[in-house]
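Take a walk through the structure below, from a single turn to whole chains. Keep the sequence at hand.

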Amino acid sequence: MITAGRIVRLAERDRSVVHFFIDGEMRGALAGDTVLTAMLASGQALRKSEFGPEPRAGFCLMGACQDCWVWQDEGPRLRACSTLVTEGIRLRTTPPESWP
Amino acid sequence: MSETAPPRVVIVGAGPAGIRAAATLVEAGLHPVVIDEGQRAGGQIYRRPPAGFTRTAKQLYGSEAAKACTLHALFDRLAKDGRLSHCAASSVIAAQDGRLHVLGEDGMQVVFYDRLILATGASDRVAPVPGWQCAGVYSLGAAQIALKAQGVALGRRIVLIGSGPLLTLVGAQLVKGGADVAAVLDTSPWRQQLRGLWGLAARPMVALRGLVLRARLGSRYHAGVTLERIEADGRGATAMRWRDAGGRYRLTLCDMIGMGWHLLAETHLADLTGCAFDYDEQWRQWLPKIDEMGRAGNGIYLAGDGARLLGADGAEIAGRLAAVACLSDLGLPTPSLRAGLRKLARLERFSRGLACAFPWPAETVRALPDDAIVCRCENVIAGAVRESVERGGGEANRVKSLSRVGMGRCQARYCQLAAVELVAAQAGCTPDAVGRFRGQAPVRPAPIGALLGEG
């Protein structure tokens with residue numbers, strides 16, 4: 001199943017739907033999706049590089065490269081490849097405005 | 001260690017090596033602590049999907065399903081019976097003098113050890129290709145994890161590049177899973193692959209299985225390619241530019257690229273605990289010094305791909321050996337090892353064959369254009385690395401401080417080999433002479449609050 005985003009769901013498609021937010025917009029994902037899978041099922045990237053113009057979408061998926069850190073509305077960042085998406089979680093592709 | 005308290009043995013990593021080490025210690029009556037980054041034990045190769053996924057072990061692990069199930073069941077039973085302590089979803093971020101700083105979902109804790117078994121595994125050994133910083137470029141391991149643990153392909157049209165067993169395996173798994181694999185581009189030419197045969201013959205069935213998988217790739221597979229660059233637009237990768245073995249320029253449209261040249265041993269904790277290293281010419285990387293049992297000295301033992309790149313079967317044996325070495329050093333009775341050591345020697349020969357047949361593309365890395373990015377974390381370019389050699393000489397850590405290559409969040413895991421190769425070329429010396437980037441704690445990024453809270 002081709003998604004609206006980068007990934008293609010090849011198997012395990014009969015899971016329940018969870019909802020979460022990216023930059024305030026509600027998106028759907030499946031229970032058991034990592035944050036990385038969930039975000040890339042409806043978008044092309046996780047964040048923008050701090051050191052170049054290009055967007056980033058993760059690299060190693062095993063917690064080693066640290067390319068997939070994303071912001072949460074309430075502040076702390078999480079590693080998208082090794083965190084499961086949860087109902088109602090609010091994520092951002094840019095740092096919160098309160099961040100110094 | 002007092003005379004009454006049992007020795008505290010801590011194992012880092014719950015892949016094949018860590019699980020076998022733990023089981024061996026439990027059999028001898030010890031109660032090891034196992035710290036692992038995964039939610040569930042298994043490691044990367046036998047990684048288990050989250051709860052609620054329904055594919056069978058056969059679908060997930062293919063010919064290795066029985067081994068995966070045995071290890072999972074063994075670990076789960078030991079954990080359930082309270083024979084070991086399992087710290088899941090936890091990273092060891094610092095290690096020194098009998099103390100490990102462990103970052104888990106509930107923050108930081110300090111774990112003490114008398115003996116430490118490091119079974120930290122490996123990550124993909126990559127090489128920079130111009131354009132590899134763009135979205136849609138992943139490691140081969142990432143493509144496999146996405147398929148196994150999430151049931152997804154990371155793109156609609158996929159090109160895999162690199163060399164080694166994982167290139168063929170991931171390609172075949174993606175094709176079987178229904179992904180659109182446009183091309184599998186192997187930088188090793190056929191004649192080089194044949195040179196590895198003497199070693200590969202040590203495990204004829206495994207070599208044969210590889211050939212069968214490769215046959216499934218059909219005309220997608222090309223040996224002896226030269227990788228030119230990854231084309232991208234504002235959204236991510238759009239095409240792979242390459243030359244075939246005959247030198248013809250080719251362009252393959254794609255939105256995902258998976259890259260990898262076999263594996264890079266994960267050695268940061270071995271480094272922090274003071275292990276010595278040797279540069280291995282054949283593997284083209286630094287590996288920790290150990291004896292045949294995995295002893296690194298100082299109460300530290302290493303097992304699995306983090307010490308020697310022997311694959312999952314070798315890791316199971318090495319895990320047992322490291323545990324036995326540890327027991328023996330503690331003066332406890334140990335089981336016989338001769339069969340394990342013999343098998344390990346055969347696996348070692350096979351793995352040398354792999355290293356020879358599927359080399360890392362050192363010459364291509366040396367010829368990288370100045371504007372090619374070497375460090376994906378901070379977009380440090382090859383030109384900056386070369387320039388820092390002119391200013392400060394050809395020593396790895398000097399280049400690191402001048403150019404910032406290797407200072408990013410991945411702690412040099414994905415740029416070190418390329419950076420050192422560039423420095424060696426510029427300074428006219430060997431990578432061995434350039435040296436190794438020193439490891440620094442924390443080996444994973446940690447929130448400052450967790451460090452302060454620890455007191």
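**A hairpin, then outward**

In the hairpin formed by S6(A) and S7(A), Gly75(A) takes a positive phi near 125°. Four residues lie between the two strands. This is a predicted model, in which local features need pLDDT of at least 70, side-chain atom pairs count only at pLDDT 80 or more, and totals for chains, interfaces and linings use all residues. Residues are numbered from 1 along each chain as its sequence is written, while chains are lettered from A and ligands numbered from 1 in the order in which they are written.

Stay with chain A. Strand S6 (residues 69-72) and strand S7 (residues 77-79) of chain A run antiparallel, joined by three bridges. Strands here are DSSP runs of E with at least two residues, helices are runs of H or I with at least four, and both are numbered from the N terminus. Two strands count as paired if DSSP finds at least two bridges between them. Within the hairpin, Trp69(A) stands opposite Arg79(A). S6(A) has another antiparallel partner, strand S8 (residues 90-92) of chain A, through two bridges. There, Gln72(A) faces Leu91(A) in S8(A).

Now cross to chain B. Where do the chains join by strand pairing? Strand S1 (residues 8-9) of chain A pairs with S10(B) in the antiparallel sense, over two bridges. Val8(A) stands opposite Ala153(B) in S10(B).

The wider interface has 41 residues of chain B in contact with 35 residues of chain A. Contact means that the C-beta atoms, placed from the backbone, lie within 7 Å. On the chain B side, the elements giving two or more residues are strand S8 (122-124), strand S9 (137-139), helix H4 (140-150) and strand S10 (152-153). H4(B) gives the most, with six residues. By class, this side of chain B has 17 nonpolar, 15 polar and nine charged residues. Ala, Val, Leu, Ile, Met, Phe, Trp, Tyr, Cys and Pro count as nonpolar, Asp, Glu, Lys and Arg as charged, and the others, Gly among them, as polar.

Next, look at chain B by domain. Chain B is divided into domain 1 (9-123 + 264-353), domain 2 (126-261) and domain 3 (363-434). The bounds come from an automatic or database domain assignment. Taken over C-alpha atoms, the centres of domain 1 and domain 2 of chain B are 28 Å apart. Contact between these two domains of chain B involves 11 residues of domain 1 and 12 of domain 2. Helix H11 (residues 338-357) of chain B gives the most to the domain 1 side, with five residues. That side of domain 1 of chain B has three nonpolar, four polar and four charged residues.

Two sheets of chain B follow. One is open and has six strands, in the order S3-S2-S1-S7-S22-S21, with mixed pairing. Strand S3 (85-87) and strand S21 (295-297) of chain B each have a single partner strand, so one side of each is left without a neighbour in the sheet. Neighbouring strands of this sheet are turned by 20° against each other on average, direction ignored. At one edge, S21(B) runs antiparallel to strand S22 (residues 300-302) of chain B, over two bridges. Arg295(B) stands opposite Tyr301(B) there.

Helix H1 (residues 16-27) of chain B lies across strand S1 (9-12), strand S2 (33-35) and strand S7 (115-118) of chain B. H1(B) runs at about 160° to S1(B). Such angles run from 0 to 180 degrees between N-to-C directions, with axes fitted to C-alpha atoms, for helices over the stretch in contact.

The other sheet is open too, with three antiparallel strands in the order S14-S15-S16 of chain B. Its edges are strand S14 (226-233) and strand S16 (249-253) of chain B, each pairing on one side only. The twist averages 25° from one strand to the next. Strand S15 (residues 236-243) of chain B pairs with S16(B) over five bridges. Met240(B) stands opposite Thr252(B) in S16(B).

Finish with a helix pair. The axes of helix H5 (residues 165-177) and helix H8 (residues 204-217) of chain B come within 9 Å and cross at roughly 50°. The residues that meet include Leu169(B) and Val175(B) in H5(B), and Leu213(B) and Leu217(B) in H8(B). By class, the contact of H5(B) with H8(B) has six nonpolar, three polar and two charged residues.
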